[in-house]
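Got the model open? Let's go through it question by question, starting from a loop and working towards the strands, the charged pairs and the space inside.

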Amino acid sequence: MCKITNFLGNNWYFCELKIDINMDVSYILNDYVTLILLILFAIATLWLCVYYGVIFLKIGRHGRTKKDLKAQLERQKSGRSEDSLPGVSVVLVAQNEGKYLRENLVYLLEQDYPNYEVVVVDYKSTDDTKFILQVCSQNYPNLRSVAMQEDVNMFHGRKLPLSIGIRSAKNDLILLIESDTKPTGFNWIREMVGNYSHKDTKIVLGYCGIAKQKGLLNMMEQYDNICFSAYYLSRALRGKATTGTGRNLSYKKKFFFSQGAFTKHYTEEFGADDLFVNQNADSANTAVCFAPEARVEMEAKKTLKQWHLRRKQRESTFKLHPVLEKVERMTYPLVVLAFYAFMVLLLVKGFPWYFVAGGVAVKMAWQIICFWQLGSQFDVKAVAWLSPLMEIYFWFANTILRISTLHR
């Protein structure tokens with residue numbers, strides 16, 4: 001107890017707080033269990049930091065360094081003339097999605113590109129889709145619609161109508177999008193097909209964002225989307241393309257049909273984009289487009305149930321991916337589990353909490369930095385601050401989701 005007398009003669013009493021921090025942890029050399037836990041905790045921390053750097057930071061910095069910007073400027077200067085640009089066919093399927101066509105079709109029909117068409121497959125619609133397409137075609141000669149009122153039993157989902165749309169396209173370069181998605185700029189076609197400069201390129205992967213809204217649900221959607229996007233774009237940059245999104249994907253028509261189109265996985269309802277890329281993309285024939293004007297944006301889901309359904313559809317084909325890819329993709333959640341498990345076990349064993357807290361602080365600080373760069377790339381910086389908490393939530397959510405899709 002300390003006593004201090006002020007100039008008025010009043011006595012103030014204070015409790016003297018002593019924190020004894022013992023920096024000597026040499027005792028763990030004789031405690032093999034604690035030593036092993038400490039080593040495993042350090043390995044998990046290091047692995048996660050490397051993962052954040054390779055996947056999130058690398059994608060976040062891609063195309064934004066001085067070297068990348070200089071190379072991009074040189075490509076623009078040596079670009080093709082308007083007359084030499086190849087013809088492009090934008091293909092999408094609409095099934096009772098007149099609402100989205102009214103909002104988004106104009107963004108496709110007003111693109112700044114000299115030679116392209118928009119092919120919309122009206123797939124068994126009973127709403128005003130047909131009427132909207134008829135009205136738009138009167139003002140836009142580059143719009144073509146293909147009506148499809150019958151289905152084929154062996155095909156599921158949108159694979160058959162999408163195949164018909166691609167076969168109906170008059171150009172070899174196909175650019176896919178969906179009716180609830182729109183380009184963020186009017187140079188979308190130009191930027192995407194500009195990646196076919198190499199003669200061996202057959203597939204171009206693009207990025208699809210989610211419309212920003214207020215609320216926690218939208219923040220979770222944004223986090224989940226950039227994590228998924230960073231993963232598949234990173235693999236593509238490393239020559240191991242694993243998937244893509246049919247909302248912003250391009251490939252050559254001849255290549256599509258020469259590879260059997262969707263016949264290899266026609267029994268699966270989903271995966272028209274995912275499985276085709278997974279089975280046919282390689283380091284030589286796949287390019288990635290990061291240009292800001294090559295991005296598209298899809299509608300955000302309004303309820304947790306709707307969002308969960310979208311995620312379930314995306315994960316439903318995971319079981320068909322190669323074994324080595326499954327192992328690689330499942331390693332990250334396993335290491336996250338190990339990190340927190342070893343953290344708790346060290347504290348239970350009585351290891352000094354400040355050392356454990358230091359390791360956690362380093363991991364989280366680096367994680368936020370990497371996500372900040374990733375968010376800067378895709379214009380969703382806000383998710384960086386919540387990334388450590390989001391990581392824990394999605395560990396549970398993704399584990400449950402993948403287990404549920406394996407038993408379909």
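Q: Ala-261 is found in the loop between which two helices?
A: Keep in mind that this is a predicted model. Ala-261 sits in a loop, with a helix at 253–258 on one side and a helix at 274–280 on the other. Those two are H8 and H9.

Q: And what is phi of Ala-261?
A: Most residues other than glycine have a negative phi. Ala-261 isn't a glycine, yet its phi is positive. The value is near 55 degrees.

Q: Is Ala-261 buried or exposed?
A: The cut-off for buried is under 20% relative accessible area. Ala-261 comes in at 9%, so it counts as buried.

Q: Asp-379 has a positive phi too; is Asp-379 buried or exposed?
A: Asp-379 has phi near 60 degrees and lies in the loop between H12 (353–378) and H13. Exposed takes over 50% relative accessible area. Asp-379 has 52%, so it counts as exposed.

Q: On to the strands: how many of the residues of strand S3 are buried?
A: Take the two faces in turn. Val-88, Val-90, Leu-92 and Ala-94 point one way, Ser-89, Val-91 and Val-93 point the other, and all are buried. So S3 is largely enclosed by the rest of the structure, and the count is seven of the seven.

Q: Which strands does S3 pair with in the parallel sense?
A: One partner is the strand at residues 116–123, which runs parallel to S3 and is joined to it by seven bridges. The other, at residues 173–176, also pairs in the parallel sense, over four bridges. Ser-89 stands opposite Glu-117 in the former, while Val-90 has Leu-175 as its bridge partner in the latter. The two strands are S4 and S6.

Q: Which helix goes with S3 and S4 in a β-α-β unit?
A: The unit takes in S3, a helix and S4, and it is right-handed. The helix covers residues 98–109, and that's H3.

Q: Glu-117 turns up again in a salt bridge; which residue does its side chain meet?
A: Side chains of opposite charge can pair when their charged atoms come close. Here the N to O distance is 2.8 Å. Glu-117 lies in S4 and its partner in S5 (residues 143–148), so the pair ties together parts that are 27 residues apart in sequence. The partner is Arg-144.

Q: Within that pair, which residue is buried and which is partly exposed?
A: Arg-144 has a relative accessible area of 30%, so it ranks as partly exposed. At 2%, the buried one is Glu-117.

Q: Which helices does the salt bridge between Glu-221 and Arg-310 tie together?
A: The closest N and O atoms of Glu-221 and Arg-310 are 3.4 Å apart. Glu-221 lies in the helix at 216–237 and Arg-310 in the one at 304–315, so the pair ties together parts that are 89 residues apart in sequence. Both residues are buried. The helices are H7 and H10.

Q: Which residue does Arg-314 meet in a salt bridge?
A: The N to O distance is 3.2 Å. Arg-314 lies in H10 and its partner in H7, so parts 90 residues apart in sequence are tied together. Arg-314 is partly exposed at 25%, whereas the partner is buried at 7%. That partner is Asp-224.

Q: Which residues are linked with Asp-224 and Arg-314 in a network of salt bridges?
A: The structure holds 17 salt bridges. In this network, Asp-224 and Arg-314 are joined by three others: Arg-311, Glu-315 and Arg-329.

Q: What about space inside: how much lies in the largest cavity?
A: The count comes to one cavity of 30 Å³ or more. Its space is about 390 Å³.

Q: Which helix gives the most to the lining of that cavity?
A: The lining has 21 residues, and those closest to the centre are Tyr-51, Cys-227, Tyr-332, Asn-398 and Arg-402. By class it has 13 nonpolar, two polar and six charged residues. H1, H7, H10, H11 and H13 each supply at least two residues. With seven residues, the one that gives the most is H13.

Technical notes
Residues numbered from 1 in each chain as written. Predicted model: local features only at pLDDT ≥ 70, side-chain atom pairs only at ≥ 80, totals over all residues. Heavy atoms only, no water. Buried < 20%, exposed > 50% of the residue type's maximum accessible area, 1.4 Å probe, protein only. Pairing = 2+ DSSP bridges. Right-handed = clockwise from strand over helix to strand, strands pointing away. Salt bridge = Lys/Arg side-chain N within 4 Å of Asp/Glu carboxyl O. 1 Å grid on protein atoms, 1.4 Å probe; cavity = no way out; pocket = protein on both sides within 12 Å on 5 of 7 lines; lining within 4 Å. Points joined across faces, edges and corners; volume = space filled by probe spheres on them. Nonpolar A, V, L, I, M, F, W, Y, C, P; charged D, E, K, R; others polar.
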